[in-house]
Amino acid sequence: MRLKRKDLLGIEELDTAELEQILSTAASFKEVSAREIKKVPTLRGKTVINLFYEPSTRTRTSFEIAAKRMSADAVNISVSTSSVVKGETIKDTAKNLEAMKPDCIVIRHSSAGTPQMLARYVGCSVVNAGDGAHEHPSQALLDMMTVKEKKGKIAGLKVSIIGDIAHSRVARSNIYGFTKLGADVTVCGPPTMIPPGMDRLGCKVTTSMESALKDADVIMMLRIQLERQKESFFPTVREYSRIYGLDETKLKRAKDDVIILHPGPVNRGVEISSELADGPYSLILDQVTNGVAVRMAIFYLLLGGTREEAQ
Ligand code: CP
């Protein structure tokens, strides 16, 4: 069954049933990537355009792979070699892309609200692949999938999201998602990196690493996004790392079966030590694997087809 919406723009607008629907569909698609022939005919004849105005490794590649594994045609637009550099507006770009009859445009942009604006201009589906510091819904979905897969549930878990909360679309989408599914979410970072009013999103807020890590089931470390910072939010990277970087010593405060997530790319030795990023508690690469399944589910639930065709 399709989602009851044309676009996937954020986790905030999804209800619990829709979240569960995407997660269970993603779980059912995961085995396709383990097959020798990694392809199902479900979206044959559909066209997906990836329009990324910001750099990406994981998100862009996995949206492309997801489309191809569903037999859709995927086209990647490199903004640096497109008419955007000649000053073409988002609206004109959208209308011209729409004239080529795609079924879905996946967009990443540095300005919050751009996917929402694009969705009003075009009749095809629009998927938000990250808009400024606003939302990154497919990332949160793959994070929820990874936790559910490993822990068997989300409700009741203590999920601590640590780092640069202010600049993080990943944090925002995950706060919406995990709280809707019943987790106990805490955000933690330096006071300068936690915007006022975060508690109104339904999470606890602390500047104390000790309190965030105590009895945590899930630790999500965030990348320090130096590219989004117009001023300095902490004295030095070394100082930040000493207080808010995750290492073996600090990890002892969490539960014995804690899992560690990170959306990537990782600043090794800054927000997390290499030992932990590559160690047994880390699910960083499982997140990337699940990203393909989640994006297959998103395409399937927006663009249609029946699940039987995927067999
Ligand atoms: N997690 C994430 O959005 O990574 P990319 O920037 O590489 O897409």
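Q: Which ligand atom is 3.0 Å from an N or O atom in the side chain of Gln139?
A: A nitrogen atom of the ligand. Keep in mind that this is a predicted model.

Q: And what lies 2.9 Å from the side chain of Arg108?
A: An oxygen atom of the ligand, counted to an N or O atom of the Arg108 side chain.

Q: What about Gly264: backbone or side chain?
A: Backbone. A polar backbone atom of Gly264 is 3.4 Å from a nitrogen atom of the ligand.

Q: How much of the ligand does the protein bury?
A: The protein buries 91% of the 260 Å² that the ligand exposes when taken alone.

Q: Which residues are around the ligand?
A: Ser56, Thr57, Arg58 and Thr59, then Arg108, His136 and Gln139, and finally Pro263 and Gly264.

Q: How does that shell split by class?
A: Six residues are polar, two are charged and one is nonpolar.

Q: Switching to pockets. Where does the ligand sit?
A: In the largest pocket.

Q: How much space is in there?
A: About 420 Å³ lies in the largest pocket.

Q: Which lining residues are closest to its centre?
A: Pro55, Arg108, Arg169, Arg223 and Pro265, out of 20 that line the largest pocket. Arg108 is also among the residues around the ligand.

Q: What's the class mix of the lining?
A: Eight polar, seven charged and five nonpolar residues.

Q: Which helices each supply at least two residues of that lining?
A: Helix 2 (58-69) and helix 6 (169-180).

Methods: Residues are numbered from 1 along each chain as its sequence is written. This is a predicted model: local features need pLDDT of at least 70, side-chain atom pairs count only at pLDDT 80 or more; totals for chains, interfaces and linings use all residues. Side-chain values use heavy atoms; hydrogens and water are left out. A residue is near a molecule or strand if one of its heavy atoms lies within 4 Å of it. A polar contact is a pair of N or O atoms within 3.5 Å; within protein, one must be able to donate a hydrogen and the other to accept it, and residues adjacent in sequence count only if both atoms are side-chain atoms. Accessible areas come from the Shrake-Rupley method with a 1.4 Å probe; for residues, only the protein chains shown count as cover. On a 1 Å grid over the protein atoms alone, a cavity is a set of points where a 1.4 Å probe fits but cannot get out, and a pocket is an open set with protein on both sides within 12 Å along at least five of seven lines; lining residues have an atom within 4 Å of a point. A molecule sits in a cavity or pocket if more than half of its atoms lie within 2 Å of its grid points. Ala, Val, Leu, Ile, Met, Phe, Trp, Tyr, Cys and Pro count as nonpolar, Asp, Glu, Lys and Arg as charged, and the others, Gly among them, as polar. Grid points are joined across faces, edges and corners, and a volume is the space filled by probe spheres set on the points. Helices (H or I, at least four residues) and strands (E, at least two) are DSSP runs, numbered from the N terminus.
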